[in-house]
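Please examine the model shown below before reading on. The paragraphs that follow lead from the chain as a whole to particular residues.

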Amino acid sequence: MGSSASDARNSDTLLLYDVASVLKIMGLSMWLYLASSQGSTSSVFSQVNGTAHIDVSSSIGFTDEDFICATMDWWPPTKCDYGTCSWGTASLLNLDLSNKILVNAIRAFSPLKIRIGGTLQDKVIYQTADDPTPCSQFLRNSSEMFGFTQGCLPLSRWDDLNNFFNMTGAEIIFGLNALNGRTIGSDGSCTGAWNSSNAESLIRHTVNSGYTIYGWELGNEVSGRGIGASVAAEQYASDIITLQKTVQDIYKGFETKPLVIGPGGFFDANWFTKFVKGAANSLQVVTHHIYNLGPGVDDHLIEKILDPSYLDGGAQPFRDLQKILNSSGSSTVAWVGEAGGAYNSGRNRVTNAFVFSFWYLDQLGMSSSYDSKTYCRQSLIGGNYGLLDTNTYVPNPDYYSALLWHRLMGRNVLSTRFEGTKKIRAYAHCSKNSIGITLVLINLDKATTVEIGVSIENFISNKTLTVEQIVEQTRNTNPTSRYKHNGENEMMMMRDEYHLTAKDGDLHSQTMLLNGEIIKVNTSSGIIPPLVPRRVISSEPMTVAPFSILFAQIPSSIQLPACK
């Protein structure tokens with residue numbers, strides 16, 4: 001402490017902490033601690049130091065600009081799990097498309113990818129213009145696969161949905177029924193090729209109506225061992241080739257064609273290896289699903305979410321799929337096509353509460369570090385894991401976490417590691433729409449505030465700099481609007497901080513605070529509130545309170561090597 005910037009240059013890793021700066025943030029640190037504590041008088045306040053090491057020599061991943069994606073599902077109101085029916089009228093077939101909050105929630109992303117699909121998509125028949133037969137609805141039937149009879153998508157509803165998507169600026173990935181034409185054995189194994197005729201009819205109607213589709217995805221969780229049914233990898237690859245030929249034929253003459261996507265199932269290394277090899281020239285995106293917390297009825301969900309070792313285990317499918325794609329020699333990329341954390345509709349007051357942002361943001365950071373291009377959250381609305389409340393449409397905490405990620409995190413992913421405590425999860429990207437770095441810090445500790453220094457590695461070849469040193473270089477190079485005058489008329493560079501905590505420190509709360517203020521949507525107008533940062537002098541250490549999340553934008557007027 002108290003060392004000058006010039007002294008610090010004698011060491012590659014020395015972090016400068018000025019006593020005055022620390023004193024300035026003590027008030028903020030205490031406020032953050034109180035905001036995130038659970039009100040227990042027995043909690044002991046403690047503070048530790050840590051360092052986020054960020055390598056800016058090159059990016060380790062490159063996401064889509066519209067990395068954030070959410071799903072819309074087919075489940076009817078009679079879908080129930082463990083005695084609770086949590087889907088209400090959130091189905092594609094009965095969702096209120098005129099709801100102002102829903103409209104504005106999607107528009108806020110400009111754009112939001114929406115993946116239409118789910119378990120029942122492989123039981124959906126698409127109404128055609130030449131078939132006047134009324135559409136049948138999904139009916140509960142325990143003797144049927146997935147517990148429901150076959151359902152139907154009316155053309156009129158498809159038209160309404162597309163008008164809605166056009167109005168909100170959403171980018172649509174539509175999941176097609178992959179079981180048409182197959183025979184399903186008693187063990188769930190499928191024989192026969194996919195019958196594409198009904199899907200082709202829907203695709204032609206979509207094109208003739210002038211609707212824009214971002215991608216057509218084949219099937220939902222019928223890969224590998226499957227859920228309810230399974231298709232062999234070689235046959236699935238052949239079916240993807242059929243879909244690709246159909247798309248190429250119907251979209252002939254279009255400058256931009258929809259992506260062909262599959263299989264939309266749980267990762268199985270052997271199955272995915274065969275599938276990618278067989279479909280590589282026809283498959284643009286390979287999708288896998290993530291429910292690594294187990295069933296929603298599990299009483300230990302929060303324990304898992306707060307366990308760094310458990311979270312670390314979630315990296316395995318990302319790592320393995322990345323290896324498969326790298327060795328395939330194809331241009332196929334990886335997406336997370338559906339991720340709700342806990343299957344069977346999640347768990348109320350957990351997967352729709354503040355605590356779930358720990359898992360969700362960790363997944364976003366982890367998946368992008370393994371070069372996943374898009375991450376689709378189950379769900380936009382519906383079940384107990386919606387970004388929006390099923391009944392009121394009011395955003396749950398994860399909605400705001402997703403929106404901040406979308407607005408702040410750029411496409412270039414930076415190698416990041418944290419030293420000091422295992423309870424901090426750290427991820428960094430080049431900033432979106434500005435020069436510099438955005439760092440996400442997740443504090444899984446219930447009673448420890450972490451004061452964080454940042455070490456920027458390879459800013460100059462084989463050279464490590466602290467934020468203070470970069471600020472000094474930036475100040476001398478190109479003062480910008482991100483500077484302000486201090487009392488001594490010196491120019492100080494500022495960073496933006498977004499501190500996220502739970503209302504009353506309750507991890508089960510569905511109300512999130514941003515920098516100590518409740519984030520609240522206007523329910524009458526449906527307007528999504530602005531997410532305003534706290535502006536802090538960049539040389540001050542970052543402070544992450546117990547059970548809280550911090551997005552920090554670290555500015556620089558010098559373009560970092562990995563961000564060029």
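A residue counts as buried when its relative accessible area is under 20%, and as exposed when that area is over 50%; values in between are called partly exposed. With this cut-off in hand, one may begin to read the structure, which is a predicted model. Arginine 425 and aspartate 362 are both buried by this standard. Of the 564 residues of the protein chain, 59% fall into the buried class.

The protein chain contains 13 helices and 28 strands. Its contacts frequently join positions that lie far apart in sequence: among contacts between residues at least 6 apart, 74% join residues at least 24 apart. The surface that the chain exposes comes to about 21,700 Å², and carbon and sulfur atoms supply 48% of that area.

One helix deserves attention. Helix α11 covers residues 356-369, 14 residues in total. From its first C-alpha to its last it reaches 20 Å, close to the 20 Å expected at 1.5 Å a residue. Is this helix enclosed or exposed? Because 14 of the 14 residues of α11 are buried, the helix is largely enclosed by the rest of the structure. Just after α11 comes aspartate 371, which takes a positive phi of about 70°.

Helix α11 also takes part in a pairing of charges. Side chains of opposite charge can pair when their charged atoms come close. The side chains of arginine 425 and aspartate 362 meet in a salt bridge, with 2.8 Å from N to O. Arginine 425 belongs to strand β18 (residues 424-431) and aspartate 362 to helix α11, so the pair ties together parts that are 63 residues apart in sequence.

The structure holds 20 salt bridges. Another of them joins the side chains of glutamate 217 and arginine 115, at 3.1 Å from N to O. This pair links distant parts of the chain, since glutamate 217 is in strand β10 (residues 215-218) and arginine 115 is in strand β4 (residues 113-116), 102 residues apart. Glutamate 217 and arginine 115 are both buried. Lysine 304 forms a salt bridge with aspartate 298, and their closest N and O atoms are 2.7 Å apart. These two residues, lysine 304 and aspartate 298, are buried as well. Elsewhere, Asp64, Asp66 and Lys113 are linked in a network of salt bridges.

The loop between β3 and α3 offers a further point of study. Aspartate 81 has its place in this loop. How does the cut-off classify aspartate 81, as buried or exposed? Its relative accessible area is 10%, so aspartate 81 is buried. The side chain of aspartate 81 makes a polar contact of 2.9 Å with the side chain of lysine 79. A second polar contact, of 2.6 Å, joins the side chains of aspartate 81 and serine 345. When neighbours within four places in sequence are left aside, aspartate 81 is in contact with Asn344 and Ser345.

Tyrosine 82 is found in the loop between β3 (68-72) and α3 (100-107). Its relative accessibility is 43%, and therefore tyrosine 82 counts as partly exposed. Together with Val297 and Tyr343, Tyr82 makes a nonpolar surface patch of about 280 Å². The loop thus provides both a buried residue, aspartate 81, and a partly exposed residue, tyrosine 82.

Terms used: Residues are numbered from 1 along each chain as its sequence is written. This is a predicted model: local features need pLDDT of at least 70, side-chain atom pairs count only at pLDDT 80 or more; totals for chains, interfaces and linings use all residues. Side-chain values use heavy atoms; hydrogens and water are left out. Helices (H or I, at least four residues) and strands (E, at least two) are DSSP runs, numbered from the N terminus. Buried means under 20% relative accessible area, exposed over 50%, partly exposed in between (1.4 Å probe, protein chains only). Contact means heavy atoms within 4.5 Å. Accessible areas come from the Shrake-Rupley method with a 1.4 Å probe; for residues, only the protein chains shown count as cover. Patches are made of residues with over 30% relative accessible area and no salt bridge: like charges are joined within 9 Å, nonpolar side chains (Val, Leu, Ile, Met, Phe, Trp, Tyr) within 5 Å. A salt bridge is a side-chain nitrogen of Lys or Arg within 4 Å of a carboxyl oxygen of Asp or Glu. The expected span of a helix is 1.5 Å times one less than its number of residues. A polar contact is a pair of N or O atoms within 3.5 Å; within protein, one must be able to donate a hydrogen and the other to accept it, and residues adjacent in sequence count only if both atoms are side-chain atoms.
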